[in-house]
Structures are given as C-alpha cells and as structure tokens.
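Let's take a walk through this model together, one region at a time. Have your viewer ready to rotate.

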Amino acid sequence: MLRPINEYPKDKKVAGIHSLPITEDGSVIFVWDINEKTLTTVGGRIEEGEDLDSALNRETIEEAGIELEDKRIPIASWYWDNTDTYTVFVIARVKKYVNLPVGFETSGRVVMNFETARQLITKLEGISHRIELLNLAEQESIKLLNQRVSEQLYRLKDKNENRFLHPNLMNDRFRVIGRQTLVQDSYEQELIQIESLGPSYTGGYILVSPNDIQKVKT
C-alpha cells in the first residue's frame, strides 16, 4: 500500500528508490517501460554499496538520461510484505539532460504536464497507485518551484573578461549555490559558486568574483 511520507522510513530497510523528476516549467517526467508497455516512475533497486542518492543518480541516468538536483523530497513509500522492505518515491528538479545509455529496460523519458500524465496513466491502467503518486508529487512540486521563484537571481556583468570566459552564458540567469575561498601565496580571494538557470543552461556551476555578477531586477 502506498503511504504518504515526508522523510525516509527508519523502521525497515529501504531497498528501492524511484523519482518523479520535475522540469523547470513544472512538468513531470516518466519513462516508458519496454517490457511492461506502460509509463512508470524512474528508479529501481538499491545495489550493494549504494546509498539512496547514488542509487537514484544511477537509475535516472540509465532509464531517463537525466541528472537530478541534490535536493530530493520524499513523498511516498510502498511496503513489500514478501521482502519486509520499502520502496520510496521522491520528487526532485531536473539538473540537466544527458545521453540515454542503451541496454536498459526503458525507451527513454516522457515529459508531460500533470493533467496529461493523469489522463494517460488512467487510460493505460485505470486508477492506480501512480495516480496517487502524481497527486502527491503535484502538491510538492508547486512548493518546490515556488522556492526557486522567490530566490534572488543574478546575471554576469557585461565585462570583457566575462564575455571571454563565458560567452554562451552572458544572457543567463544564475542562482548562488555556495561560496569558496581561494588561497594564494600572499592573499585569499572569496569566490561565489553560481548555477545557470538558462536559457543556455549547462547543468553545472561556475566560480566568479562577487564583482562579476549583479542582481536581476524582479
């Protein structure tokens, strides 16, 4: 039975993890299972030596060609009597898209808004636990996306150095995700770690001087 959660279960072993990735525009991503001929969530079993995050990172690349942001929000669990273990479900924002490996059980990702996903899944399999998951994911995704909307955003200043070092990112919006101190022989320099949100979004981050960025007016 599917049970809503807001943290990972601690009373039994978690043996599997699945995600419902959320795109920048609020769509949700499923994958098409070649064997079952249906839409399914992204994820699978946790292999020996893996933690929850590393297992999900591997599965999302293998099944959907996606890298997720580090923040994952647990929304539901499923208890399996036969193994006395849990499968957990999370939502997370898409960090970037990568090449889909071959040889796995899905044909790739399917990106939809939530209402389209509900109608397709209902058409394919009726009212199932995946509809419950969608409803839970939709509620949490609104909160997740609103957090980004409220963040202060930045852009690179139109300087020769920035145009030379980051020509494809001059029109992008960035958010601050950390700070780093660079220690040289005779001085220390504080650098800011910023992540691009597009439109040339690379999925990575760059380190810049505080003098190289300016706030985006909201």
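We will look at a pocket, then a pair of aromatic rings, and then two paired strands.

Keep in mind that this is a predicted model. A good place to begin is the largest pocket, which holds about 340 Å³ of space. Its lining is made up of 17 residues, and those nearest the centre are His18, Glu36, Thr40, Thr41 and Arg130. Several elements supply at least two lining residues each: strands E5 (42-45), E7 (73-80) and E8 (85-97), together with helices H1 (52-64) and H3 (129-149). What is the chemical character of this lining? Eight of its residues are polar and six are charged, while three are nonpolar.

Now turn to the aromatic rings. A pair of rings is described by how far apart the centres are and by the angle of the planes. The count of aromatic pairs here comes to two. In one of them, Trp78 and Trp80 sit 6.0 Å apart, centre to centre, with 45 degrees between the planes. That angle makes the pair tilted, because stacked requires under 30 degrees and edge-to-face over 60. Trp78 is partly exposed, with a relative accessible area of 23%, and Trp80 is partly exposed too, at 39%.

Finally, find strands E12 (residues 188-198) and E13, which pair in the antiparallel sense over four bridges. Within this pairing, Glu195 stands opposite Tyr205 of E13. In a regular strand, side chains alternate between the two faces of the sheet. Strand E13 (residues 205-208) has Ile206 and Val208 on a covered face, whereas Tyr205 and Leu207 belong to the uncovered one.

How values were computed: Residues are numbered from 1 along each chain as its sequence is written. This is a predicted model: local features need pLDDT of at least 70, side-chain atom pairs count only at pLDDT 80 or more; totals for chains, interfaces and linings use all residues. Side-chain values use heavy atoms; hydrogens and water are left out. Buried means under 20% relative accessible area, exposed over 50%, partly exposed in between (1.4 Å probe, protein chains only). Two strands pair if DSSP finds at least two bridges between them. Rings of Phe, Tyr and Trp (its six-membered ring) pair if their centres lie within 6.5 Å; planes under 30 degrees apart count as stacked, over 60 as edge-to-face and the rest as tilted. On a 1 Å grid over the protein atoms alone, a cavity is a set of points where a 1.4 Å probe fits but cannot get out, and a pocket is an open set with protein on both sides within 12 Å along at least five of seven lines; lining residues have an atom within 4 Å of a point. Grid points are joined across faces, edges and corners, and a volume is the space filled by probe spheres set on the points. Ala, Val, Leu, Ile, Met, Phe, Trp, Tyr, Cys and Pro count as nonpolar, Asp, Glu, Lys and Arg as charged, and the others, Gly among them, as polar.
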